[in-house]
Each structure stands twice: as C-alpha cells, then as structure tokens.
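Colleague: I have a few questions about this chain before I go back to the bench. Could you take me through it?

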Amino acid sequence: MHADLSTDIPAASAAGYDLPEIWSAKLYQYHEHQTASDLKDELHAANLEPYSINSIERITFRTDADYARIKAECELLSRVASEIGCPY
C-alpha cells in the first residue's frame, strides 16, 4: 500500500473517477484516526460518491474465533458503508 485513503480520494477525483471503490485495508487504517463522517466529508469535497468497499480477505476455512472476527469486520464495513452512503 503506497498511498493512504486520504491520498487516494483527491487522486481519484483528479483522474476523473466519480464512483470509487474503497479498499478495506485502507479503510481500516483510516478508521484508526478518523471517522466515517470525516471520510464522507473528504469524498464530498472531492466530488466523489463511494460505490463499494472491497473486500473481506481470507474468509473461507476459518475457525469459530476467526468467524467472530469476520462478523465484526462485516459489521464495521456495513456501518461505515451506511454512514458514507456506499451501496456495495
């Protein structure tokens, strides 16, 4: 990962994209210090509407404890998607 999400957003806008896909690894990093509301503001300032959040990694053949973490990850991604108006 060479650039963070806050770098990707204006770069995507400058490149002419209008519906970016957000990489979940960058979203987790972003979420450590900033909120979904901050992300929504950054996207709006760049005239971008988030299209999707990608992806949940290493989901198959997991233990019960792993599935608990995957469920928490799904809940976080779903909540953020809802808060920023991301349909997928």
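Colleague: Let's start with Lys26: buried or exposed?

Modeller: In this predicted model, Lys26 is buried, because its relative accessible area is 9% and buried means under 20%. The residue is part of helix α2.

Colleague: What does the side chain of Lys26 make a polar contact with?

Modeller: One partner is the side chain of Asp8, in a polar contact of 2.5 Å. In addition, a polar atom of the Lys26 side chain lies 2.8 Å from the backbone oxygen of Ala3.

Colleague: And the next residue along, Leu27, which residues does that one touch?

Modeller: Setting aside residues up to four places away in sequence, Leu27 touches Leu5, Ile22, Leu39, Ile53, Leu77 and Val80. Leu27 is also among the residues with the most contacts inside the largest nonpolar core, together with Ile22, Leu39 and Ile84.

Colleague: How many residues has that largest nonpolar core, then?

Modeller: The core has 17 residues, and at least two of them come from each of the helices α1 (5–14), α2 (24–31), α3 (36–45) and α4 (64–84). The helix that gives the most is α4, with 4 residues.

Colleague: Switching to the strands, where does Glu21 lie?

Modeller: Glu21 lies in strand β1, which covers residues 21–23, and Glu21 counts as exposed because its relative accessibility is 51%, where exposed means over 50%.

Colleague: Which residues is Glu21 in contact with, leaving aside its neighbours in sequence?

Modeller: Once neighbours within four places are left out, Glu21 is in contact with Ser52 and Asn54. With Ser52 there is a polar contact of 3.2 Å between the two side chains. As for Ile53, its C-alpha atom is separated by 5.6 Å from that of Glu21, although the two residues are 32 residues apart along the chain.

Colleague: While we are at Asn54, what kind of peptide bond joins Asn54 and Ser55?

Modeller: That is a cis peptide bond, with omega about -10°, and Ser55 is found in the loop between β2 and α4. For context, most peptide bonds are trans, and most residues other than glycine have a negative phi.

Colleague: On that second point, which residue other than glycine has a phi near 60°?

Modeller: That would be Asn47, where phi is positive and near 60°. Asn47 lies in the loop between α3 and β2, and at 65% relative accessibility Asn47 counts as exposed. Arg58 also has a positive phi, of about 50°, and is not a glycine either; this residue lies in the loop between β2 and α4 and is exposed, with a relative accessible area of 66%.

Colleague: New topic, aromatics. How many aromatic pairs does a search of the whole structure find?

Modeller: The search finds 1 aromatic pair, formed by Tyr51 and Tyr88, with 5.2 Å centre to centre and 50° between the planes, so that the pair is classed as tilted.

Colleague: Where in the chain are Tyr51 and Tyr88?

Modeller: Tyr51 is in the loop between α3 and β2 (52–54), whereas Tyr88 is in the segment after α4, so the pair links distant parts of the chain, 37 residues apart.

Colleague: And what is the relative accessible area of Tyr51?

Modeller: Tyr51 is partly exposed, with a relative accessible area of 41%, whereas its partner Tyr88 counts as exposed at 58% relative accessibility.

Conventions. Residues are numbered from 1 along each chain as its sequence is written. This is a predicted model: local features need pLDDT of at least 70, side-chain atom pairs count only at pLDDT 80 or more; totals for chains, interfaces and linings use all residues. Side-chain values use heavy atoms; hydrogens and water are left out. A nonpolar core is a set of buried Ala, Val, Leu, Ile, Met, Phe, Trp, Tyr and Cys residues joined through side-chain atoms within 4.5 Å. Buried means under 20% relative accessible area, exposed over 50%, partly exposed in between (1.4 Å probe, protein chains only). Helices (H or I, at least four residues) and strands (E, at least two) are DSSP runs, numbered from the N terminus. Contact means heavy atoms within 4.5 Å. Rings of Phe, Tyr and Trp (its six-membered ring) pair if their centres lie within 6.5 Å; planes under 30 degrees apart count as stacked, over 60 as edge-to-face and the rest as tilted. A polar contact is a pair of N or O atoms within 3.5 Å; within protein, one must be able to donate a hydrogen and the other to accept it, and residues adjacent in sequence count only if both atoms are side-chain atoms.
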